[in-house]
Amino acid sequence: MEKIVTDICIIGAGPVGLFAVFEAGLLKMRCHLVDVLPQVGGQLSEIYPQKPIYDIPGFPVINAQELVDGLMEQIKPFNPTFSLGQRVDELEKLEDGSFIVKTFEDTEVHSKVVVIAGGLGCFEPRKPAIENLEQFEGKGVSYMVRNPELYRDKKLVLAGGGDSALDWTIFLADIASEVTLVHRGDSFRGAPDSAEKVVELAQQGRINLVLQSNITAISGNGRLKNVLVVDKNREQQTIAADYLIPLFGLTPKLGPIADWGLNIDKSAIEVNTIDYSTNIEGVFAIGDINTYPGKLKLILCGFHEAALMAQSAFKFVYPDLKLSFKYTTVYGVNTF
Amino acid sequence: MIIVTVEDQKGRIQQLEIPEDIDLNLMETLKTFQYPMRATCGGMGLCADCHCRVIQGDNLLPEQLDQEIMTLEAVPESDYDSRLSCQIKVGRAISGLSIKLLGPAE
Ligand SMILES: Cc1cc2nc3c(=O)[nH]c(=O)nc-3n(C[C@H](O)[C@H](O)[C@H](O)COP(=O)(O)OP(=O)(O)OC[C@H]3O[C@@H](n4cnc5c(N)ncnc54)[C@H](O)[C@@H]3O)c2cc1C
Ligand code: FES
């Protein structure tokens, strides 16, 4: 188990969580960020990295990924630390008013303040509608490739038609003893190079390509053994498999945040607009995850919320100090 | 009047009467009729939250562009009659369409 001690634990490393590090840093508060995604940037890096954004003040146009990179550079002086690829499952308040944030992967973050910048929730894999799929999770079914070595000399079935399905099919073709890619369409719209390579591998007999087909059932005795595939003409075939990896991208789900005793309205956390505090003292919610009369889900609004949150969070981190408001132009950005 | 029949996520069926001068796509139009649609990407055809199944009137709809096909390919429950409602411009041409909503209700 990894234990981390910090002033503020920020749940969610989207643009708003990242900018909160800057606002907190100006007030000499240290931050640790946790995100279930393997990279920072939230919706910007996961859904629209190459799209232009036109409503960031001072930037007539900026690409989403560029904005994320800029935020990372801006917060660097404050040395934030990160636990990426980890989902926060539990939030516990201790008697002294501090908090323990626990992740699914067994990391514990001890902090004086918790800032939830969870956006639309945890990005989770889209799961195909196969009846007993969840029963085989961890017993042959997984939704991402964490350790490719696990698949050495095994029989794999991958499902999906997007870039990650193509890329992993190519990569795992050299590792597994048998790779089958099942795809609903009759062609691939992903990166043309990868699509060509997959078709080539199939022609060479190094992978099995099953097009215009869906997986309708899986079976096994405790562990996955067989995958049933049905094509457009309702013809069935059974494929023997040690592992099934459905790769259908990620979609946000509110997830564990719903169980922490916070006031929730339509999948968002109710806050007081004075400082974006929640009903739990010491816990703030900023960005897309919060709701209040007039709320707009905009990056700009999340940035504003981060600034106000930091002023209030200061009282929890430094209860004995008085805070006086300062412009960055006067004293610059003092790092620590 | 443009007539579109909609079955929501809970199975309720309603016939919508949409004014002809509406300048919105179908996802936005459904929102104006108070359908809870999450529409994470705001209508860019990227998130599949507005995924629907065409029950009747496939021939009334424009061809899918690459972005729509690519996004739908990544949705496990999508099928040959799947569309993204944000990629359908509402106009007289689609009157008579009947769809079933499949995306998350907020
Ligand atoms: C296609 C598209 C276009 C957009 N265009 C614009 C635009 O032009 N201008 C604009 O202002 N806004 C735009 N938006 C909206 C903007 O992206 C959001 O307002 C912004 O991303 C919100 O930032 P956030 O940091 O609050 O949340 P997010 O970016 O959603 O990040 C939240 C992060 O929290 C993580 N998380 C949640 N729960 C947990 C948990 N329990 N454990 C671990 N991690 C967790 C998630 O994985 C996620 O990475 C657009 C959105 C989309 C999808
Ligand atoms: S609203 Fe996102 S794809 Fe239609």
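Modeller: A polar contact is a pair of N or O atoms within 3.5 Å; within protein, one must be able to donate a hydrogen and the other to accept it, and residues adjacent in sequence count only if both atoms are side-chain atoms. This is a predicted model, in which local features need pLDDT of at least 70 and side-chain atom pairs count only at pLDDT 80 or more, whereas totals for chains, interfaces and linings use all residues, and side-chain values use heavy atoms, leaving out hydrogens and water. Residues are numbered from 1 along each chain as its sequence is written, while chains are lettered from A and ligands numbered from 1 in the order in which they are written.

Colleague: How many Å separate a backbone N or O atom of Val36(A) from a nitrogen atom of ligand 1?

Modeller: Ligand 1 lies between chains A and B. One of its oxygen atoms is 3.1 Å from a polar backbone atom of Val16(A), and an oxygen atom of the ligand is 3.5 Å from such an atom of Phe123(A). For Val36(A), the partner is a nitrogen atom of ligand 1, and the distance is 3.2 Å.

Colleague: What percentage of the accessible area of ligand 1 does the protein cover?

Modeller: Accessible areas come from the Shrake-Rupley method with a 1.4 Å probe. On its own, ligand 1 has 1000 Å² of accessible area, and the protein covers 94%.

Colleague: By class, how many residues in the shell around ligand 1 are charged?

Modeller: The shell, with heavy atoms within 4 Å of the ligand, holds 36 residues, and Asp35(A), Gln43(A), Tyr48(A), Val88(A) and Asp288(A) are the closest. Of the shell residues, 20 are nonpolar and 11 polar, while the charged ones (Asp, Glu, Lys and Arg) number five.

Colleague: Which helix gives the most residues to the largest nonpolar core?

Modeller: A nonpolar core joins buried Ala, Val, Leu, Ile, Met, Phe, Trp, Tyr and Cys residues through side-chain atoms within 4.5 Å, where buried means under 20% relative accessible area. The largest has 61 residues, and Ile8(A), Ile10(A), Met29(A), Ile116(A) and Ile286(A) touch the most other members. With eight residues, spanning positions 299–317 of chain A, the element that gives the most is helix H6.

Colleague: Which strands of chain B do the buried residues of H2(B) pack against?

Modeller: Helix H2 of chain B covers residues 66–73, and its buried residues are Glu68(B), Ile69(B), Thr71(B), Leu72(B) and Glu73(B). In chain B, these buried residues pack against strand S3 (51–56) and strand S4 (82–84).

Methods: Buried < 20%, exposed > 50% of the residue type's maximum accessible area, 1.4 Å probe, protein only. Helix = DSSP H or I, 4+ residues; strand = E, 2+ residues; numbered from the N terminus. Contact = heavy atoms within 4.5 Å.
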